[in-house]
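Here is a short report on the fold shown below. It starts at the end of the helix and works through the sheet to the core.

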Amino acid sequence: MIPGGLTEARSATPEIQAIADEIKPQLEEKTNASYEEFEAIEYKTQVVAGTNYYIKIRVGDEQYIHVKVFRPLPGQNEDLVLSGYQMDKSKDDELTGF
């Protein structure tokens, strides 16, 4: 992997779903929406001064959102931060850096 580059897309794991669940309130506040369905489908990671997680989340029938979540290095503020999101995505849209 290239330092700072994105990994290949991988199927979401329980850990990735837990990250998505933790930032769900931040996303709902930013989008002024409530999501009944919130299932992490796939993800990529990027190592920076911590880790960026790019996660594709299904929020309804054929409705997807891409989120960027930052996890600081151990020993720093441990809170996950929703640092970006992209609305109106489809199942086939590729996760890209944003």
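N32 follows helix α1 and has a positive phi, near 55°. This is a predicted model. A positive phi near 55° is also found at E62, in the hairpin of β3 and β4, where 2 residues lie between the strands.

**The helix**

Helix α1 covers residues 14-31, which makes 18 residues. From first C-alpha to last, α1 reaches 24 Å, close to the 26 Å expected at 1.5 Å a residue. The helix is not straight throughout: a kink of about 45° lies at I23. The proline P25 comes shortly after that kink.

Which residues of α1 are buried? They are I16, I19, A20, I23, L27 and T31. An α-helix has 3.6 residues a turn, so residues three or four places apart point the same way. The cover over the buried residues of α1 includes β2 (39-48), β3 (50-60), β4 (63-72) and β5 (81-89).

**The sheet**

5 strands make up an open sheet, in the order β1-β2-β3-β4-β5, with antiparallel pairing. The edges are held by β1 (10-11) and β5. Each of these has a single partner strand, so one side of each is left without a neighbour in the sheet.

Strands of a sheet pair through backbone hydrogen bonds, either parallel or antiparallel. Three of the pairings are listed here, each with a pair of facing residues.

| Strand pair | Bridges | Facing residues |
|---|---|---|
| β2 and β3, antiparallel | 9 bridges | Y43 and I55 |
| β3 and β4, antiparallel | 10 bridges | T51 and R71 |
| β4 and β5, antiparallel | 6 bridges | F70 and V81 |

The hairpin from β2 to β3 passes through 1 residue. As for β3, 10 of its 11 residues are buried, so the strand is largely enclosed by the rest of the structure.

**The core**

The largest nonpolar core has 18 residues. Within this core, F38, I55, V67 and V69 have the most contacts. Two or more residues come from each of α1, β2, β3 and β4. The biggest share, 5 residues, comes from α1. In soluble globular proteins, nonpolar side chains tend to be buried together.

What does V69 touch, leaving aside its neighbours within four places in sequence? Its contacts include the helix residues I19 and I23, both of which are among the buried residues of α1. V69 is also in contact with T51, N52, Y53, I55, L80, V81 and S83.

**Two buried polar residues**

Is K44, in strand β2, buried or exposed? K44 has 8% relative accessibility, and the cut-off for buried is under 20%, so K44 counts as buried. The side chain of K44 makes a polar contact with the side chain of E94, at 3.2 Å. Beyond four places in sequence, the contacts of K44 include L6, T7, E8 and A9. Others are N52, Y53, Y54, E94 and L95.

T7, one of those contacts of K44, is found in the segment before β1. T7 has a relative accessible area of 15% and is therefore buried. Its side chain makes a polar contact with the side chain of R10, at 3.2 Å.

Conventions:
Residues numbered from 1 in each chain as written. Predicted model: local features only at pLDDT ≥ 70, side-chain atom pairs only at ≥ 80, totals over all residues. Heavy atoms only, no water. Helix = DSSP H or I, 4+ residues; strand = E, 2+ residues; numbered from the N terminus. Expected span 1.5 Å × (residues − 1). Bend = angle between axes of the 7 residues up to and from the residue. Buried < 20%, exposed > 50% of the residue type's maximum accessible area, 1.4 Å probe, protein only. Contact = heavy atoms within 4.5 Å. Polar contact = N/O pair within 3.5 Å; in protein donor to acceptor, adjacent residues only side chain to side chain. Core = buried A, V, L, I, M, F, W, Y, C linked by side-chain atoms within 4.5 Å. Pairing = 2+ DSSP bridges.
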